[in-house]
Amino acid sequence: MTDAKRRVNPFLSVFGNVLKTFSLVIGTFFFATILEWGGMHSWWQNASETRLYERTQREIQRIETSVGASFDRHWFRSAISSVSTLSDRLLAPVERYLEAQQQDLVETPESMSAVVNATLQIRRSINRHLVVTTEVFRAWLFRLLTFMFGIISIAPVLLVGLIDGLVRREIRRWGGGRESAWLYVFASKSLFPTFMLFLGMYVLWPWSFSFVWINSLMGLCWGNALSVSVAKFKKYM
């Protein structure tokens, strides 16, 4: 029975971590939606209805500028185009339904009853917020995929951090230095919170934001954490 528990526990631990990560990522979509709803009535109340679409296009142009002339043939461009096409097909029935509802609500005449008019206004407001939710989903999905694909671009920084950590560990080993369990645990455990912090910052920021900056900062943090955790690992392996 004990051996069975030992075999099951690692699986449950991994499954729990995956479920936790998935829940947090989905949670960023709900936070982004609530933030956009609040901004509709305050910060960008008079902004264009295509505000999120224009924001996404500006960010694509910034990424294109950083990549260079080969952006049209870049794998990121192909991946984003494929995902955009898939999301359009998934959201198309919902958008058609919401547009039909919006048209019906606009054409509905005002009533002499205050209750009926109040109900009509509530239905119009709900429909408008649902339309905005579909636009938030597109913008959120673009930033989420950009962030995930961007992890590949920080691989050289992680490699430098790994090599630096291995060299420092060997110097400490042959110099008779002692490993630091606290630094190792702190550095290794900081990777996931750092990932969620930068993901939340990038996904929830309501205005146009250059992905290069957020990606560079995360690469520096991860590279430094990897270097510290490897350097302070066990002295003899």
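The legends below describe close-up views of a predicted model of one protein chain.

**Figure 1. Overall fold of the predicted chain.**
The protein chain is built from 8 helices and 0 strands. Its pattern along the sequence reads α-α-α-α-α-α-α-α. Of its 237 residues, 32% count as buried. Among contacts between residues at least 6 apart in sequence, 81% join residues at least 24 apart. The accessible surface of the chain amounts to about 15500 Å², and carbon and sulfur atoms account for 67% of that area.

**Figure 2. The largest pocket.**
This pocket encloses about 600 Å³ of space. Its lining consists of 21 residues, and those nearest the pocket centre are E49, R128, V131, V132 and E135. Helices α1 (2-40), α2 (51-67), α3 (75-107) and α4 (114-153) are the elements that each give two or more residues to this lining. Helix α4 provides the largest share, with 7 residues. By residue class, the lining of the largest pocket has 7 nonpolar, 6 polar and 8 charged members.

**Figure 3. The second largest pocket.**
The space in the second largest pocket comes to about 390 Å³. It is lined by 18 residues, with T56, Q57, S84, R138 and F142 lying nearest its centre. The elements giving two or more residues to this lining are α2, α3 and α4. The largest share here comes from α3, which contributes 7 residues. The lining of the second largest pocket divides into 9 nonpolar, 5 polar and 4 charged residues.

**Figure 4. The largest nonpolar core.**
The largest nonpolar core holds 30 residues, and the members that touch the most others are W140, F142, F147 and L199. At least two residues of this core come from each of α1, α2, α3, α4, α7 (191-204) and α8 (211-231). The largest share, 9 residues, belongs to α4. F142, one of the core members named above, is also among the residues nearest the centre of the second largest pocket.

**Figure 5. Surroundings of W140 and T28.**
With neighbours within four places in sequence left aside, W140 is in contact with V25, I26, T28, F29 and V203. One of these partners, T28, lies in helix α1. T28 has a relative accessible area of 7%, and because the limit for buried is under 20%, T28 is classed as buried. Not counting residues up to four places away in sequence, T28 touches W140, V203 and L204. V203 therefore appears in the contact list of T28 as well as in that of W140.

**Figure 6. The largest cavity.**
How many cavities of 30 Å³ or more does the structure hold? There is 1 such cavity. The volume of the largest cavity is about 100 Å³. Its lining is made up of A32, L35, E36, L52, R55, V136, A139, W140, V203, L204, W205 and P206. Helices α1, α2, α4 and α7 are the elements that give two or more residues to this lining. In terms of class, 10 of the lining residues are nonpolar, none is polar and 2 are charged. W140, V203 and L204, which are among the lining residues, are the residues that T28 touches beyond four places in sequence.

**Figure 7. Surroundings of T146.**
T146 is part of helix α4. Is T146 buried or exposed? T146 counts as buried because its relative accessibility is 1%. Its contacts, not counting residues up to four places away in sequence, are I63, F76, I80, Y202 and F211. Of these, F211 is 65 residues from T146 in sequence, while the C-alpha to C-alpha distance between the two is 8.0 Å.

**Figure 8. V212 in helix α8.**
V212 is found in helix α8. Its relative accessibility is 39%, so V212 counts as partly exposed; the class covers values between 20% and 50%. V212 and G150 are separated by 62 residues in sequence and by 8.8 Å in space, C-alpha to C-alpha.

Note on methods
Residues are numbered from 1 along each chain as its sequence is written. This is a predicted model: local features need pLDDT of at least 70, side-chain atom pairs count only at pLDDT 80 or more; totals for chains, interfaces and linings use all residues. Side-chain values use heavy atoms; hydrogens and water are left out. On a 1 Å grid over the protein atoms alone, a cavity is a set of points where a 1.4 Å probe fits but cannot get out, and a pocket is an open set with protein on both sides within 12 Å along at least five of seven lines; lining residues have an atom within 4 Å of a point. Grid points are joined across faces, edges and corners, and a volume is the space filled by probe spheres set on the points. Helices (H or I, at least four residues) and strands (E, at least two) are DSSP runs, numbered from the N terminus. Ala, Val, Leu, Ile, Met, Phe, Trp, Tyr, Cys and Pro count as nonpolar, Asp, Glu, Lys and Arg as charged, and the others, Gly among them, as polar. A nonpolar core is a set of buried Ala, Val, Leu, Ile, Met, Phe, Trp, Tyr and Cys residues joined through side-chain atoms within 4.5 Å. Buried means under 20% relative accessible area, exposed over 50%, partly exposed in between (1.4 Å probe, protein chains only). Contact means heavy atoms within 4.5 Å. Accessible areas come from the Shrake-Rupley method with a 1.4 Å probe; for residues, only the protein chains shown count as cover.
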